[in-house]
Amino acid sequence: MNKISVIIKREYVSRVRKKSFIIMTILAPLLMAALVVLLPLLMMNQDGDFKKIAVIENNSDLFKGVIKNTKDAEYVYLENTKVDDLKKTFEKAGYYGILYISPELVNTPNAIQLISKQQPPIGLLQHIESSLKKEIERQKLLSYKIDNLDEIMKNIETNVSIQTIKIDESGSVKETSTGIAMGLAYILGLLMYMLVFIFGAQVMRGVIEEKTSRVVEVIISSVKPLQLMMGKIVGIALVGLTQFLIWIFLTMATVTVLKTTILQKSDPTEITQSVSQNLMSGDQQVAGTTQTADISPQLAEFSKMFDNAMNQPWGLIIICFIFYFITGYFLYASVFAAIGSAVDNETETQQFMLPVTIPIILALMVAIATMQNPESSVSFWCSMIPLTSPIVMMARIPFGVPYWQIAVSMVLMLVTFMGFVWMAAKVYRTGILMYGKKTSWKEMWKWLRYSG
Amino acid sequence: MALFEAKNVTKQYGNQLALDNVSISVPEQCIYGLLGPNGAGKTTLIRIINQITGPDSGELFLNGKKLMPDDVQVIGYLPEERGLYKKMKIGEQALYFAQLKGLSRAEAMKRLKYWFNKLDIIDWWGKKVEELSKGMQQKVQFIITVLHEPKLLIFDEPFTGFDPLNTNIVKNEILFLRERGATIIFSTHNMESVEELCDNITLIDKAKTILEGSVDEIRSQWAANEYDLVFDGDVKIEGNGQYNILNQHKDNNKSIIRMRMTGNINTNDILQTVMKSGNIISFNPALPSMNEIFIRVIEARN
């Protein structure tokens, strides 16, 4: 046991000290945080320039003043100007582009053109589209000659979001959010995939390194091959856990720092607000609702989301994640170790890698499909089959899985996991001492039956 | 008393027999040569002694007791296929291997300092393996092998990669370790070093033991009743009924003659006959070199 800990320590320390590890560990969360904070900023600001847009209507003034100015665009309604004249000179006149509305607009919605030298940002287009749409709808309604139309319009304006409530067997009601469950399923499935794959492959590379540098025979004259294999697998798992913990911590820290520094420069409420508005649709922005009125429903929405997130079975998720991570990782890592032991260099691993990666990729695909349809039979079976269950089951759990299914899946996983480690250890034991021979599956099968 | 014994060891890989009923007995403080052509089964036997693989049948004894898994602590093994972690500093690396052999960190550190100084590589302590010459890497490996002061040392081709100077240093270290009580199993193709170092040998070919015993005994057994006679100056003699001349040649103003006796003959009689031809400088039984014996034995089997 003491020797295994010496091996674990070496595997851990030698990897954690590597420059590539340190760089990855520090850079990845910075990039993540930058993505989390800057992406909405970019989406909101687009290119950040203030734009002046000329609005020209042909022979009518139906849309005069319809498109409201926004923070980064001003809409100048020009009367008595011909489009063709302005086309040549609009840039010199300080306009970003020309919005041309032909009179057939009410009947043919394509009769609208935005002429500009550059590709206009999506936010701008959405704003124009939704403003005009509302106005056209209003005008069409007007033609029905309804009394008090404006009042009625204000009255019927609604925001719709579906609230999903799930009733379990005991009859207790839980408010759930499919969005949250989907997001969680995706993150958990992907995280499992990455952990198993990245660190499993590292185990394989470590084994190959020991074999090609011929250090392995020196080691196994001191320790049992199984100890060496397990020490390596555990050591690398710890490296993975360390990296993830640092990532989580650093990401949160950077997000907080970025939020307090960058965002405070501008008015925070305005930003969060326009971020969410841009992220949803532009509809709310127009139609007379004032900006301050927007904030409270969004805050409510947010706190509801938070409640929903807290309603997830976190205890179960964490227990299952740890269980499936450990068994799944050990299962695949030991197979990777066996493959590493059977080859002389990394290029030879190809033929063995394919059958191993197929179940992992399949699992990821099923996990993504699970988010659309959590109760499908494919999802069910893949969450039972041990090669795919770590990833697929984690994707299913946020949607609710009966306990008996989890239990069956775990038992199957445990049995398979032990079987795989046992077989991998046998192949490994023979493989690490074999040089120069091209190994085949048949050859590996033979190694399985060699005695001690 | 035998420090290590293997009795009737058999090992099979698939259909291939790697060791067929092989027995060796290594006396204490002996340097024991394990010889044989490539693929004879030497490495398999060494791996079995190190408990890297187990035998299909047969028994192994260390100090008269059955070999146990914990005995790896008292065995030191320098494999033929040896290497170090390329990216790891050699000092740390040596510490790691010492700890795997059960030494405490502090104790390992103390001994490593001693050995690194002794073999003159202390300045390289913090260097990575890839920055070292092959000879220096070999020295580190030698230190790793002997650091835990094992009772039984197994060297598989220990001199490959060393220049003559370093070969000599390592040779002397091996003899020094023997003096301090270690028993050494030594596998090599270099027959000169066998003659020089080994007390006993076993020759394995195609999974079977075909020759074993002390080096001196084997050499005189294989001596074909031949003698080397050296005269001062240019001397030629001819064979008679008692001996045949196999060849004679001149070297540095000496005449060297190889002769074979025809029967069990008193050497004094021969000397009395040949001394009439000139001044005799030396008269020695011509022992075959281990190299000759090796080749003759293996070729006879084919």
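The paragraphs below lead through a predicted model of a complex, from confidence and contact to chain B, the nonpolar cores and one helix of chain A.

For the complex as a whole, the predictor gives an ipTM of 0.79 together with a pTM of 0.72. Within chain B the mean pLDDT is 88, and 100% of the residues reach 70 or more.

Where the two chains meet, chain A contributes 19 residues and chain B contributes 23 residues to the contact. On the side of chain A that touches chain B, helix H1 (2-16) and helix H7 (216-220) of chain A each supply at least two residues. The chemical character of that side of chain A is mixed, with eight nonpolar, six polar and five charged residues.

Turning to chain B itself, its secondary structure consists of nine helices and 14 strands, and its C-alpha trace spans about 70 × 45 × 35 Å along the principal axes. Chain B has 302 residues, of which 36% count as buried. When the contacts in chain B with a separation of 6 or more are considered, 68% of them are accounted for by residues 24 or more positions apart.

The largest nonpolar core has 140 residues, and the residues with the most contacts inside this core are Ala337(A) and Ile154(B). Helix H6 of chain A, covering residues 178-212, gives the most to this core, namely 14 residues. If its neighbours within four places in sequence are left aside, Ala337(A) is in contact with Val203(A), Met204(A) and Val207(A), with Met229(A), Lys232(A) and Ile233(A), and with Ala424(A) and Tyr428(A). Another core, of 17 residues, lies apart from the largest one, and its members include Phe63(A), Ile67(A), Ala73(A) and Leu132(A).

Leu132(A) also leads to helix H4 of chain A, where it is buried along with Gly123(A), Leu124(A), His127(A), Ile128(A) and Ser131(A). Seen down the axis of H4(A), the buried residues fall within an arc of 160 degrees, and therefore they line one face of the helix. The face of H4(A) turned away from this buried side carries the exposed residues Ile122(A), Glu137(A) and Lys140(A). The length of the helix can be checked as well: H4 of chain A runs over residues 122-142, and because each residue should add 1.5 Å, its 21 residues should span 30 Å, which agrees with the 30 Å between its end C-alpha atoms.

How values were computed
Residues numbered from 1 in each chain as written. Chains lettered and ligands numbered in written order. Predicted model: local features only at pLDDT ≥ 70, side-chain atom pairs only at ≥ 80, totals over all residues. pLDDT = per-residue confidence, 0-100. Contact = placed C-beta atoms within 7 Å. Helix = DSSP H or I, 4+ residues; strand = E, 2+ residues; numbered from the N terminus. Nonpolar A, V, L, I, M, F, W, Y, C, P; charged D, E, K, R; others polar. Buried ≥ 20, exposed ≤ 12 C-beta atoms within 10 Å, placed from the backbone. Core = buried A, V, L, I, M, F, W, Y, C linked by C-beta atoms within 7 Å. Expected span 1.5 Å × (residues − 1). Arc of directions from axis to C-beta.
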